[in-house]
Amino acid sequence: MSAKSLEIRPCLVAEPSKHMQNRQSDPMNDEEIVGFENDAERIIKRLNEGKKELDVIPIVGMAGQGKTTFARKLYNNDIIVYHFDVRAWCIISQTYNRQELLLEIFNQVTGSKGKVHEVGELADMLRKRLIGRRYLIVLDDMWDIKAWEDLRLSFPNGETGSRIIVTTRLEEVGKQVKHDTDPYFLRFLTRDESLKLLQKKVFQKEACPPELQDVSLAVAKRCKGLPLVIILVAGIIKRKKMEESWWHEVKNALLSYLGEAEGYSLSTMQLSYDNLPDSLKPCLLYMGMFPEDARIPVSKLISLWIAEGFMQNIDSERLMEEAAEGYLMDLISSNVVMVERRRYNGKVKYCQVHDVILHFCLEKSREENFLLAVKGNYSDFQPSHLEETRLSINVTDELSAFALLTAEPFHQHLRSLITNDGGEYLRLNPFPQISKLGFLKVLDLSSQEVVPLSSATLHPLIYLKYLAVRTDQFDFHPESHLRHLETLIVLSYKSVVLPPIFWKMEKLRHVEINGVVVYLENSKQGIFEESPKLENLRILRHVRYPISDGECLDVLLRRCPNLQNLRLTISSYELPKEICTFSPKLDSFTRLQLLDLFFEGRKFSITELHFPSNLKKLKLEGPHIVSAVPLIAGLPNLEYLKLKDWGTKSEEWCLKDIEFNKLKLLKLVSLGISRLDDPEESFPKLETLVIRMCHKLEEIPPSFADIETLKQIKLIGRRPQTLEPSAVKLKEDIEEIEGCSRLC
């Protein structure tokens, strides 16, 4: 892991969300920032000292100049972290939703996942939460003073020394939001700073060879001090970083591009694009299907790329995901796609593209008739746009945007349709138009609620491979199925019954029916013995297993032999007994790597657990889950364990004779224990400890300091104050023993 942090402030952000606090969206993350040390010191002093009243500090700079990186450097500074009671980071962007922004800040301030409230109520709730507290709010990428007007009344102006940082490209916005502090105009990098950043990005931790010093300086000078240009150029050079002739070739090409284009960043982006392998170019352009500043889930992106057919010449369907992940890593290595968040094991969970790169993707896509992005106002739509094969719609109250779907010959070309965030409380019925799109492969309507839907409605879409919808009711027609479907995501509010025909959808790779659980029909009907297995199914989430149906789990085991990711709800509501005995035998899932097991209903007595030895990630939630820990401690490959227990009330969680030899991340949520005993021998490889809402826990045992791999402790949610002293003491003990702290 790179950046390590000890998060022990109360009420910090709990989980990442759309505008997450721990955003790493800029290409220049905290490890790569160069320069601005003196500037940062001055602003940190302004944040910590100065007047007691609320102050707003604007940071102004052009696209690609590093505004977000600089603000992140300030936001994550240790002095700042400990000075402020609460912090929140929020991305504004050109198009924003006031309600979403208020909810995002509120959730970070409270450390919770609040539900949607009416805008006025939410604004008042946020203001009351901030009264009397010293807070730091970052409003990143503000384009219009209206965004400030929509939010400012929620920020109380008490004498607590609170501060707000606003980043913007527009000098006028910076002047309008300022209170006492004049806008800080971000400067360009010096020649030496440009060289340092370029070499760092090309050679990583290695030193630049002496024979490349002169040419690297010449390339750095051509970048005109703009960090994004330097990083894009580094992404081109590092493919053949040890060839001096390649450096000269890039330098000369860069001069040519810069001379012909208006913007340094866009012209350099063209050079980066031209040097991408042909197989990666459509994958990059596809980023234009997502809104500005979107956090793109990698799992979703990979499924979309596969549905689009971007993975070419792959021998086995089982290797599709691996190939797509390799494509993504190549784009990240080229510095045109950014890592927004990583998983515990270092794999990329969310990615993002810089605004400049997104603009390039949209312009290039328009030139090549690759895709069209419509932002709600379809009045600008021209007949010349009818040849695009992919459409992204930002739906607003202008619902007539869907009317363009029926335009001739537009519907004959369209292969993909994705809707993005739009107006509030819309309920769409676009299916009369969509049913005419006979060649559609991708349909994503998950950002707005649609009318109740039956699979029969989509029957004309015989080539459909990817379907994601949000609706209050989804029904499978007993005789109509989508035979080519690979990904099915349904965000539904009512139970969905899987009929016999579901098991004939042999190409399914990813099934997730959210909002409610999924019922499997009783296997006694005999249909499962006749149906083929879903050999390709890798992800199956939100399956409900009623204990009263003893054969249900066996059916699942037989029909889905290659599952890698399973979310299973075990329900005891149907049983009259006071205590339910349960012994799940899941070891037949030999390929299973991630299991999310939720126990729903009365008190469970878990007598025996049979889990596959390949399991790497396990989440257990339900009453008295802690009692089952000794039964799973022997899993040889387990790296991630989350325990959420709302029934245990005990003095101590005894870890004696419990060993998780490969566990890297341990997350404890809502445990009713007051003490943990010695963890050193139980978690010898632990890197991250997360404690959330464990109100009775008195301290973090000092012996955690003896775990040499421990890098991060996160205390999340309300009232973690009782654990703060022991966390600080733990950090101090490590510094005293080792001379430096692994927990920085």
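Reader: Hello! In S9, which residue is the bridge partner of Ile-296?

Author: Welcome, and keep in mind that this is a predicted model. Ile-296 belongs to strand S7 (296–297), and two bridges join S7 to strand S9 (residues 348–352), the two strands running antiparallel. In S9, the residue paired with Ile-296 is Cys-351.

Reader: What is the order of the strands in the open sheet of three strands?

Author: Let's build it from the pairs. S7 is joined to S9 by two bridges, while four bridges join S8 to S9. Both pairs run antiparallel, and the order of the sheet is S7-S9-S8.

Reader: Which strands stand at the edges of that sheet?

Author: The order S7-S9-S8 puts S9 between two others. Each edge strand has a single partner strand, so one side of each is left without a neighbour in the sheet. The edge strands are S7 (296–297) and S8 (338–342).

Reader: Which residue in S9 stands opposite Arg-341?

Author: Arg-341 falls within S8 (338–342). S8 runs antiparallel to S9, with four bridges between them. In S9, opposite Arg-341, you will find Tyr-350.

Reader: Which residue in the turn between S8 and S9 has a positive phi?

Author: S8 and S9 form a hairpin, with five residues between the two strands. In the turn, phi reaches about 90° at one residue, and that residue is Gly-346.

Reader: How many residues of S9 are buried?

Author: S9 covers residues 348–352, and a residue counts as buried under 20% relative accessible area. The strand is mostly covered, and of its five residues the number buried is four.

Reader: How many residues of helix H10 are buried?

Author: H10 takes in residues 227–237 and is mostly covered. Among its buried residues are Pro-227, Leu-232, Gly-235 and Ile-237. Of the eleven residues in H10, the number buried is eleven.

Reader: And how many residues of helix H2 are buried?

Author: H2 spans residues 67–75 and is mostly covered too. Its buried residues include Lys-67, Phe-70, Arg-72 and Tyr-75. Of the nine residues in H2, the number buried is eight.

Reader: Is Ser-93 buried or exposed?

Author: Ser-93 lies in the loop between strand S3 (86–91) and helix H4 (98–110). Its phi is near 70°, a positive value in a residue other than glycine. Because its relative accessible area is 4% and the cut-off is under 20%, Ser-93 is buried.

Reader: What is the phi of Gln-204?

Author: Gln-204 sits in the loop between helix H8 (191–203) and helix H9 (213–222). At 45% relative accessibility, Gln-204 counts as partly exposed. Although Gln-204 is not a glycine, its phi is positive, at about 55°.

Reader: How far apart are the closest N and O atoms of Arg-42 and Asp-39?

Author: These two residues both lie in helix H1 (residues 37–48), three residues apart, about one turn of the helix. Arg-42 is exposed at 52% relative accessibility, whereas Asp-39 is buried at 9%. They form a salt bridge whose closest N and O atoms are apart by 3.2 Å.

Reader: Which residue forms a salt bridge with Asp-55?

Author: Asp-55 is buried, at 1% relative accessibility. Its partner is partly exposed, with a relative accessible area of 30%. The closest N and O atoms of the pair are 3.8 Å apart, and the partner is Arg-46.

Reader: Which residues are joined with Arg-42 into one network of salt bridges?

Author: Let's pass by another pair on the way: Glu-171 and Lys-175, whose closest N and O atoms are 3.0 Å apart. They are four residues apart in helix H7 (residues 171–177), so about one helical turn separates them. Salt bridges that share partners also make a network, joining Arg-42 with Asp-39, Arg-187 and Glu-193.

Reader: Which residues make the nonpolar surface patch of about 290 Å²?

Author: One member lies in the loop between strand S15 (453–454) and strand S16 (466–471): Tyr-463. Tyr-463 is partly exposed, with a relative accessible area of 39%. The residues of the patch are Phe-439, Ile-462 and Tyr-463.

Reader: What charge does the surface patch with Glu-659 have?

Author: Glu-659 is in the loop between strand S29 (650–653) and strand S30 (665–669), and it is partly exposed at 41% relative accessible area. Gathered with it are Asp-657, Asp-678, Glu-680, Glu-681, Asp-706 and Glu-708. Asp and Glu count as negative, and the charge of the patch is negative.

Notes:
Residues numbered from 1 in each chain as written. Predicted model: local features only at pLDDT ≥ 70, side-chain atom pairs only at ≥ 80, totals over all residues. Heavy atoms only, no water. Patch = residues over 30% accessible without salt bridge, like charges linked within 9 Å, V, L, I, M, F, W, Y side chains within 5 Å. Areas by Shrake-Rupley, 256 points an atom, 1.4 Å probe, with all protein chains shown as cover. Salt bridge = Lys/Arg side-chain N within 4 Å of Asp/Glu carboxyl O. Charge placed at Lys NZ, Arg CZ, Asp CG, Glu CD. Buried < 20%, exposed > 50% of the residue type's maximum accessible area, 1.4 Å probe, protein only. Pairing = 2+ DSSP bridges.
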